[in-house]
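Student: Please take a close look at the salt bridges in this model. I would like to know where they sit in the chain and how exposed their residues are.

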Amino acid sequence: RVTSCGIPARQPISEQENINTANGGRCELTALKIGYLNCQSLSNKTSAIHETIVDKELDVLVLTESWHRSSDDICLREAAPDDYAAVDIARPSDPHGGVVFLHRKTYACTKIALPPLSTFEGLCTRLCVGGEFFIFLSIYRPPDSKHPSSAFCDELTAVLRTLVVNS
């Protein structure tokens with residue numbers, strides 16, 4: 001099941017400031033459509049994920065437990081429609097885990113470096129839409145992580161501190 005929400009975006013700004021080159025540089029976006037899916041193996045669900053992005057007209061889809069091994073994994077390209085790009089973290093040493101941030105190529109996106117993590121997987125991205133910047137922090141904690149430990153709280157605090165200081 002894909003969970004999605006619409007985030008209102010600011011009204012379009014002048015064409016000079018607008019990084020969205022679709023529609024001749026005019027941004028007609030009124031809401032950013034975002035989805036999240038714990039896919040538990042992307043490789044056997046690429047068609048379904050691709051169709052979901054298209055059918056739901058998502059601007060962003062965050063996937064956890066992608067189980068991909070590298071940024072060059074074919075399943076990333078198969079899951080993303082042609083006008084989408086992927087930012088990811090893989091877990092090459094373990095077949096489980098992995099986080100993927102799929103987004104429209106018309107939006108500038110950069111990966112934000114996080115401190116070293118051991119209690120969860122984290123992927124942080126900065127997406128520019130119509131001159132507005134959105135920070136996405138995608139976190140995956142394995143199912144055996146029943147209660148947040150003090151180590152988890154310390155790591156999450158360090159991540160949030162990094163985001164605040166670097167914003």
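Tutor: What follows goes through the salt bridges one at a time and then turns to two buried positions elsewhere in the chain. The model is a predicted one.

Over the whole structure, the search returns three salt bridges. One of them pairs the side chains of glutamate 57 and lysine 33, with an N to O distance of 3.8 Å. This pair links distant parts of the chain, 24 residues apart: glutamate 57 is in the loop between helix 1 (46–56) and strand 3, while lysine 33 belongs to strand 2. Lysine 33 counts as partly exposed because its relative accessibility is 35%, and the band for that class runs between 20% and 50%.

Arginine 104 brings in the other pairs. Its side chain meets that of aspartate 59 in a salt bridge at 2.6 Å, N to O. Aspartate 59 lies in the loop between helix 1 and strand 3, and arginine 104 in strand 5 (residues 99–104), so the bridge ties together parts that are 45 residues apart in sequence. With a relative accessible area of 5%, aspartate 59 is buried, since the class takes in values under 20%.

Arginine 104 also forms a salt bridge with aspartate 83, where the closest N and O atoms are 3.9 Å apart. Here too distant parts of the chain are linked: aspartate 83 is in the loop between helix 2 and strand 4 (84–89), arginine 104 is in strand 5, and the two are 21 residues apart. Aspartate 83 has a relative accessible area of 41% and is therefore partly exposed. Taken together, Asp59, Asp83 and Arg104 are linked in a network of salt bridges.

Two further positions can be described in a similar way. Leucine 32 is found in strand 2, which spans residues 31–38. Its relative accessibility is 0%, so leucine 32 counts as buried. The C-alpha atom of leucine 32 is 8.5 Å from that of valine 129, although 97 residues separate them along the chain.

Serine 66 is placed in the loop between strand 3 (60–64) and helix 2 (74–79). Despite this loop position, serine 66 counts as buried because its relative accessibility is 1%. Leaving aside neighbours within four places in sequence, serine 66 is in contact with Cys39, Ser41 and Leu42, and also with Gly97, Gly98, Val99 and Val100.

Terms used:
Residues are numbered from 1 along each chain as its sequence is written. This is a predicted model: local features need pLDDT of at least 70, side-chain atom pairs count only at pLDDT 80 or more; totals for chains, interfaces and linings use all residues. Side-chain values use heavy atoms; hydrogens and water are left out. Helices (H or I, at least four residues) and strands (E, at least two) are DSSP runs, numbered from the N terminus. Buried means under 20% relative accessible area, exposed over 50%, partly exposed in between (1.4 Å probe, protein chains only). Contact means heavy atoms within 4.5 Å. A salt bridge is a side-chain nitrogen of Lys or Arg within 4 Å of a carboxyl oxygen of Asp or Glu.
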